[in-house]
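Hi there,

I am handing this structure over to you today, and I hope you enjoy looking through it. Please open it first, and then read my notes below.

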Amino acid sequence: MKTSRKGDSMILSELLAAYAANDVSDFDTDCFHENLFLALQNSSKLKQDVEEVQDYINESIKGGRKFLLSLPPHILNDAGNELYQTAQKLDVLYKYQSGLIYNGTYLGQKVVFPDFSNETIRQYNEVLINWLETVLKVDSFSGFVMNDNWPQDESYENVEKGDFPYYSSAIEDQMQYTLPWTVQGTDKVLHLKKHNSYGEFQNSSLHAYLKSWSSEEPLIASSTKQYGNTEPVISDHLDTTWDNFRIYLNKILFSSITGNRLVGLPICGDTASYNKTLHEALCIRWYIAAATMPYFRVSSGDVFRDPANLNSQFAANIVRAAMERRKLLQDYYYTLLRNPAPLVRPMYYDYFKNNVTFSMEGQYTIGSELIVAHPLSVGKNKLQVFLPKEKAVWYEFWGGTMFAPQEDSEYFDIEALESDWTMLVAQGNIIPLTKSTTVELIIALNCTSKENCQANGTLLKDGNLLKFSATKTEVTVDGLPADCDYTLRYVSVYGYQNYTNGYSGLYEKNLELCNGNGNITIKYSDEVLWS
């Protein structure tokens, strides 16, 4: 889960003030501020401000958070800027056709643009990474967020239409606030011919450099589409509306099944259209939906949208609870992602036999065994949820209420407050929840007869693939390492009789799982608190 701040300032003291006003304790990843990279390039920055940034970042890392640096492509046109000097020396900057270096504007500052397709761009990336590590005094970065890399250029607004009759407003919008198509890279090829690839060239060139000296796969999230993807990982400039919540939810699900597995929602939008009072219910819903995605990102300018800055303590408590539940499911998400199938999927991906799934909105699956449903407007207190009959029984995930779809009845009305995370699990599954070395199990039994009830599940934990199998009376854990400190906190057991009488029970005991045998069987039939 990542947080970062936005704004127009590139003065370090002002970025520090914005950082101090935002509580990062709820997040496991921090970007400090999206303008940090440009602010560090300013030769007039104060030494004490740089040192304070260093302290913040290193304290955050020591506290267990990852640090992702926002890395737009722009280089500040500042004679004292080492990156500007390097880019000039290597001759990697975009130019006018006359040969003069092209200067644009970004956040009100004069900037130049590297040509990331240049054959010497590796040398620039080497200087870039070494400079960043030296200035920030960090050994390495957890990843990079490439924002505004289509690339944004505020100086280019008006386009001469002439008498061209087919120049639509859509084309005009696409050509504004980005590099003019008439400038050229160092290969003297017009930007017109490669403008769609600019962001991808930045991604691939940095990726190639990082891989040249490290075997680890670098995390690079971009605000432009990569080859083969329908949507970028980073979605910016999003107004806070219910329509945008619905539209982007649909886009993200489609993106997930077409190859872009690292997807997430820009929580509560990131533009000035946000009203913390009017949009409280929407913001709560956005947080809950984002908690089901592999990529969780809060990024905005003032008014900030992190939990501490929401409209009420009620809203802050709800979204923090959603974030905690996401952390419990995180190892399960990783387990699903080791397979080639996408993590989040539209309903039609697995349950296409019923045509209604092809137009279904506000409902999707995590893997194939969990269904999530959301209201798509304010004021809803009941959801109509489609539960496919391919699974004879579904259970409400957090409480165990049983639903049995029939041939002519696959829709169910489920009570849902604005604060509810509505999720259902298919029978026959064991879903592990983890927090550090503590394991909790949700067992959703498949009961073919009164006594024959079974469920299975897996968990990739610390490189170990744990396997769970359960009956009505016990659960067995296989694949335990010889030496570990895993503790089973509780087991929730959901079952039924004759597809009508659902039951749930709770087995609670802090039990050490690792006994040196590689497996353990835990009986719970006598101790379960049946309800």
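**What I found**

Trp-398 is partly exposed, with a relative accessible area of 25%. Before going further, please keep in mind that this is a predicted model.

**Aromatic rings**

Trp-398 has a ring partner, Trp-421, and the two are arranged edge-to-face, with 5.5 Å from centre to centre and 70° between the planes. Trp-398 sits in the loop between strand S14 (394-396) and strand S15 (402-403), while Trp-421 sits in the loop between strand S16 (411-415) and strand S17 (422-426), so their pairing ties together parts that are 23 residues apart in sequence. Unlike Trp-398, which is partly exposed at 25%, Trp-421 is buried, with a relative accessible area of 4%. Trp-398 also has a charged companion: the charged end of Arg-325 sits over its ring, 3.7 Å from the centre. You will find a similar arrangement at Tyr-248, where the charged end of Lys-251 sits over the ring, 5.3 Å from its centre.

How many aromatic pairs does the structure hold? There are 19 of them. One is formed by Phe-37 and Trp-131, whose ring centres are 6.3 Å apart and whose planes stand at 75°, so this pair is edge-to-face. Phe-37 belongs to helix H2 (residues 36-41) and Trp-131 to helix H5 (residues 121-136), so the pair ties together parts that are 94 residues apart in sequence. Both Phe-37 and Trp-131 are buried. Elsewhere, Phe-67, Phe-141 and Phe-144 form one aromatic cluster.

**Around Leu-71**

Some of those names come back when you look at Leu-71, in the loop between strand S3 (66-70) and strand S4 (75-76). Is Leu-71 buried or exposed? Its relative accessibility is 2%, so Leu-71 counts as buried. Leaving aside neighbours within four places in sequence, Leu-71 is in contact with Phe-37, Leu-128, Leu-132, Phe-144, Val-145, Met-146, Asn-147, Gln-202 and Leu-206. Leu-71 and Ala-221 are 150 residues apart in sequence, yet 9.9 Å apart in space, C-alpha to C-alpha.

**Helices that pack together**

Two packed helices are described by the angle between their axes and the distance between the axes. For H5 and helix H7 (residues 198-213), the axes come within 10 Å and cross at roughly 70°. The two helices, H5 and H7, are therefore roughly perpendicular to each other, and their crossing is right-handed. On the H5 side, Ile-121, Arg-122, Asn-125, Glu-126 and Ile-129 take part, and they meet Ser-205, Leu-206, Tyr-209, Leu-210 and Ser-212 in H7.

H9 and helix H10 (residues 313-337) pack at an angle of about 10°, with their axes 9 Å apart. That makes H9 roughly parallel to H10. From H9, the contact involves Glu-280, Ile-284, Tyr-287, Ile-288 and Ala-290; from H10, it involves Phe-314, Ala-315, Ile-318, Val-319, Ala-322, Met-323 and Arg-326.

**A buried threonine**

Thr-271 is placed in the loop between helix H8 (242-257) and helix H9 (280-290). Thr-271 is buried, with a relative accessible area of 17%. Not counting residues up to four places away in sequence, Thr-271 touches His-237, Leu-238, Asp-239 and Arg-305. From Thr-271 to Asp-302 there are 31 residues in sequence and 9.0 Å in space, C-alpha to C-alpha.

**Backbone details**

Most residues other than glycine have a negative phi, and most peptide bonds are trans. With that in mind, here are a few places to look at.

- Trp-150 and Pro-151 are joined by a cis peptide bond, with omega about -10°. Pro-151 is in the loop between strand S7 (143-146) and helix H6 (169-175).
- Asp-148 is found in that loop between S7 and H6 too. Although Asp-148 is not a glycine, its phi is positive, at about 55°. Asp-148 is buried, with a relative accessible area of 9%.
- Lys-137, in the loop between H5 and S7, also has a positive phi, near 55°, in a residue other than glycine. Is Lys-137 buried or exposed? At 58% relative accessibility, Lys-137 counts as exposed.

Happy exploring, and best wishes!

How values were computed: Residues are numbered from 1 along each chain as its sequence is written. This is a predicted model: local features need pLDDT of at least 70, side-chain atom pairs count only at pLDDT 80 or more; totals for chains, interfaces and linings use all residues. Side-chain values use heavy atoms; hydrogens and water are left out. Rings of Phe, Tyr and Trp (its six-membered ring) pair if their centres lie within 6.5 Å; planes under 30 degrees apart count as stacked, over 60 as edge-to-face and the rest as tilted. Helices (H or I, at least four residues) and strands (E, at least two) are DSSP runs, numbered from the N terminus. Buried means under 20% relative accessible area, exposed over 50%, partly exposed in between (1.4 Å probe, protein chains only). A charge sits over a ring if NZ of Lys or CZ of Arg is within 6 Å of the ring centre and within 35 degrees of the ring normal. Axes are lines fitted to C-alpha atoms, for helices over the stretch in contact, and angles run from 0 to 180 degrees between N-to-C directions. Angles under 35 degrees count as roughly parallel, over 145 as roughly antiparallel, 65 to 115 as roughly perpendicular and the rest as oblique. A crossing is left-handed if the near helix is turned anticlockwise from the far one by less than a right angle, and right-handed if clockwise. Contact means heavy atoms within 4.5 Å.
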